[in-house]
Amino acid sequence: MSFQNITWEVADGVGTLTVNRPKQLNALDVATLTEIGQALELARAEPGQVRAVILTGAGEKAFVAGADIAAMSRLGPAEASDFAALGHRTLDALEALPVVTIAAVNGFALGGGCELAMACDLVYASDKARFGQPEVNLGLIPGFGGTQRLLRRVGLMRAKEMIFSGEVYDAAAARAAGLCLDVVAPEKLLEHARAKARLIASRGPAALALCKKVMQRGADQPLPQALDGERTAFAGLFGGAEAKEGMAAFLEKRPARFPAP
Ligand code: CAA
């Protein structure tokens, strides 16, 4: 499949999706969101080949500077609803991908860009990264999940401050707020993300997929229900080849050879 607004490459079990509209600071329009969705489908279709996905932005300046403001300025309410629905579908698909997803935030992650990063499991940043939800400056609110994912990631009061003020956080402030994990030099960012991706991708894929599902669901469930989900998933693994191999390898003092899921 060929893409215009993104690139998609797979190497060593890790897929790298790069939003590639550097002249627009990688802003998200319908075509770009659609292509992101298509690349995620490719990743989902080949779980044996793609065991982790990294998202990043082309160029030195931006991860993604938000939804495409020029395109949005032409929308009426019904079209804006469709646009937000496409954003939600795309980011929901990213969040639900059964392999680990890592945002490598190399520059501005504003509005839809911050929302894209927050739909990933892990976020690493370069020291040039900038995070924010500046929609109120445009007379808008976050439309790709920011009002809801931000409060889950950084807490309600911090999320309110970020969204109400539209302030942009540098990488250190973003890390302190819980928006990203490690902050590294720009030239080290992709390798850092790839090293984490390869490490995680070497673990049991069925276990990883279930951890992700149970943790994600559980975060929005009452604790007893979430613990039930954990027990069911834990028990289910005992019927599969992966856990048998993992435990046998430990007992035989050898590395595990996990089958493709
Ligand atoms: N949409 C469309 N084009 C954008 C864009 C965006 N979100 N962000 C930047 N661009 C374009 C600029 O229009 C400019 O294009 P031209 O060269 O053709 O004029 C080019 O990218 C470079 O940008 P700047 O000249 O503005 O670069 P800068 O270094 O001076 O500033 C910036 C960088 C602070 C990121 C600034 O571009 C900016 O504030 N961008 C908008 C950020 C924003 O408001 N994002 C939220 C969008 S709304 C949203 O995302 C809603 C949602 O939740 C779905």
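1. A residue counts as near a molecule if one of its heavy atoms lies within 4 Å of that molecule. Keep that cut-off in mind for the ligand. This is a predicted model. In it, 22 residues surround the ligand. The closest are Lys61, Ala67, Gly112, Glu115 and Glu135.

2. What is the make-up of the shell around the ligand by class? There are 12 nonpolar residues, five polar and five charged.

3. Look next at the backbone around the ligand. A polar backbone atom of alanine 65 is 2.9 Å from a nitrogen atom of the ligand. Isoleucine 69 has a backbone N or O atom 2.9 Å from a ligand nitrogen atom. With glycine 143, a backbone N or O atom lies 2.9 Å from an oxygen atom of the ligand. Taken alone, the ligand exposes 980 Å². The protein buries 61% of that area.

4. Which elements give two or more residues to the shell around the ligand? They are α2 (69-72), β6 (108-110) and α4 (112-118). Isoleucine 69, with its backbone atom 2.9 Å from a ligand nitrogen, falls in the range of α2.

5. Now the interior. The largest nonpolar core has 48 residues. Those with the most contacts inside this core are Leu17, Phe63, Val105, Phe131 and Leu179. Helix α1 (residues 30-45) gives the most to the core, with five residues. Another core, of 13 residues, lies apart from it. Among its members are Ala52, Ile54, Ala197 and Ala201.

6. Turn to the loop between β2 (14-19) and α1, where asparagine 26 sits. Is asparagine 26 buried or exposed? Asparagine 26 counts as buried, because its relative accessibility is 0% and the cut-off for buried is under 20%. Leaving aside neighbours within four places in sequence, its contacts include Val19, Asn20, Arg21, Gly57 and Phe63. Ala58 is also in contact with asparagine 26. The backbone oxygen of alanine 58 lies 3.0 Å from a polar side-chain atom of asparagine 26. Ala65 is another contact of asparagine 26, and alanine 65 also has a polar backbone atom 2.9 Å from a ligand nitrogen.

7. Leucine 25 lies in the loop between β2 and α1 too. Leucine 25 counts as partly exposed, because its relative accessibility is 24% and partly exposed runs between 20% and 50%.

8. Check the backbone angles here. Most residues other than glycine have a negative phi. Leucine 25 has a positive phi, near 50°. Asparagine 26 has a positive phi of about 65°, although it is not a glycine.

Definitions and conventions. Residues numbered from 1 in each chain as written. Predicted model: local features only at pLDDT ≥ 70, side-chain atom pairs only at ≥ 80, totals over all residues. Heavy atoms only, no water. Core = buried A, V, L, I, M, F, W, Y, C linked by side-chain atoms within 4.5 Å. Buried < 20%, exposed > 50% of the residue type's maximum accessible area, 1.4 Å probe, protein only. Helix = DSSP H or I, 4+ residues; strand = E, 2+ residues; numbered from the N terminus. Polar contact = N/O pair within 3.5 Å; in protein donor to acceptor, adjacent residues only side chain to side chain. Areas by Shrake-Rupley, 256 points an atom, 1.4 Å probe, with all protein chains shown as cover. Nonpolar A, V, L, I, M, F, W, Y, C, P; charged D, E, K, R; others polar. Contact = heavy atoms within 4.5 Å.
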